[in-house]
Amino acid sequence: MPHKKAYIGSNNALLLTGGGARAAYQVGVLQAIASFIPRNHGTPFPILCGTSAGAINSTALACYASCFHLGVKKLEYIWKNLSVERIYHTRADRVAGNIFTGFLASFQADYANKFPRSLLDNLPLKDLLGNVLDFNRLDKNVLNGYLRALSITASNYTTGDSITFYQSAEQIQPWFRAKRRGEPCQLSIDHLMASAAIPIVFPSVKIRNQHYGDGSIHQLSPMSPPIHLGAERIFIIGVEQPKEPLHPLENNPHPPTVGTIAGHMLDSIFTDTLQSDLERLHRINDTLALIDEEKRKQQENLKHIDTFVLNPSHDFNAIATDYYYDLPMTIRLLMRSAGVKNTPESSLLSYILFDKHFCRHLIKIGFEDALEKETEIRSFLSI
């Protein structure tokens with residue numbers, strides 16, 4: 001049997017952004033990339049960085065870094081057979097109990113032992129991750145040279161900083177920048193739960209006496225982790241999709257609903273910072289190109305970074321409306337109370353619709369989008 005090729009000498013990094021259920025799109029893109037690579041090869045991304053749901057996908061790939069095809073197959077199986085009940089509780093008594101408990105907690109004394117409050121209880125997600133992720137495999141892949149580094153970014157609610165937890169095969173020094181820093185550690189499910197804790201929707205997670213939430217909240221520089229971990233080429237799979245043209249009602253007297261506002265907030269959290277960070281990176285690349293090569297070598301903290309960004313070609317908000325009634329009745333009623341209906345007006349639905357039919361649709365779009373860019377992707381990754 002041929003030895004699986006380790007890509008440890010490569011400086012390719014994969015950056016997977018957050019986006020809740022939209023992260024199924026990333027699996028489709030990875031499917032296409034896997035079809036470009038021989039089955040007996042390891043990952044073409046020795047540096048894996050993820051935030052929120054993207055952190056879960058990154059960690060799954062890291063656990064199977066010695067065989068990229070197997071890692072993608074595992075992800076594909078999970079997302080194609082996903083149900084809302086495997087992510088958060090949907091039974092009426094559990095949903096109502098969670099909300100009522102949160103309401104009562106507001107009357108507790110400050111010295112009382114309080115639990116994190118949220119709209120939904122995502123304890124089933126923790127059970128799912130425990131069943132499908134083998135962190136022992138992650139450790140072995142790091143030791144055997146199939147993986148240089150894995151990072152998971154979360155937001156520290158206590159300090160307001162963006163914290164990147166990373167596990168590496170090398171002695172990578174922690175970094176400290178304004179409102180962000182990197183911390184070496186032994187990664188665990190708690191780091192994933194913290195990174196994927198969508199604000200208000202899912203509860204925060206306590207790690208070392210600090211409370212953490214979704215990594216996209218305070219992440220002003222999404223490309224900072226892969227750059228600090230040694231990447232020179234960053235392949236980015238985003239979730240920013242084109243908006244379908246709408247026909248607004250004339251003289252519409254209705255203000256935006258809570259769900260609509262929440263959708264706009266999530267769009268801003270998951271997509272806006274990446275675009276601004278890309279613009280900043282391109283400016284630095286252009287500036288470095290103007291500097292003499294000898295002087296450029298003296299700039300130890302600055303280097304040219306190549307990027308490839310792939311975003312969806314379809315509007316996920318419009319697609320989500322087709323699967324609105326796949327949500328359990330209790331969740332539909334809860335969303336209805338926030339003004340979320342089966343219309344593309346709010347993005348909130350597309351973030352929480354962890355249904356296999358919706359996810360399969362997004363996987364298909366991701367696969368097709370990547371195939372259309374096959375030549376460019378092969379060239380960028382040198383595969």
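Let me begin at serine 382, which is found in the segment after helix 15 (374-381), where helices (H or I, at least four residues) and strands (E, at least two) are DSSP runs numbered from the N terminus. Before going on, I should say that this is a predicted model, in which local features need pLDDT of at least 70 and side-chain atom pairs count only at pLDDT 80 or more, while totals for chains, interfaces and linings use all residues. Residues are numbered from 1 along each chain as its sequence is written, and side-chain values use heavy atoms, with hydrogens and water left out.

Serine 382 counts as exposed, at 61% relative accessibility; here exposed means over 50% relative accessible area, buried means under 20%, and partly exposed is in between, with a 1.4 Å probe and protein chains only. Its phi is near 60 degrees, a positive value in a residue other than glycine. Most residues other than glycine have a negative phi. Serine 52 likewise has a phi near 60 degrees, but serine 52 counts as buried, at 1% relative accessibility, and is found in the loop between strand 2 (47-51) and helix 2 (53-63).

Let me turn to the interior. The largest nonpolar core has 94 residues, of which Leu14, Ile33, Phe68, Trp79, Tyr88 and Phe235 touch the most other members; such a core is a set of buried Ala, Val, Leu, Ile, Met, Phe, Trp, Tyr and Cys residues joined through side-chain atoms within 4.5 Å. Helix 1 (residues 24-35) gives this core its largest share, 8 residues. A second, separate core of 17 residues includes Ile172, Leu274, Leu281 and Ile305.

Leucine 14, leaving aside neighbours within four places in sequence, is in contact with residues including Leu48, Cys49 and Phe235, contact meaning heavy atoms within 4.5 Å. Serine 151, in strand 3 (residues 149-156), is buried at 1% relative accessibility, and its contacts, with the same neighbours left aside, also include Leu48 and Cys49.

What does glycine 238 touch, not counting residues up to four places away in sequence? Glycine 238 touches Thr17, Tyr25, Leu310, Asn311 and Pro312. This glycine lies in the loop between strand 9 (233-237) and helix 9 (258-289), and its C-alpha is separated by 7.1 Å from that of valine 309, 71 residues apart along the chain.

Finally, tyrosine 157, in the loop between strand 3 and strand 4 (162-168), is partly exposed, with a relative accessible area of 38%.
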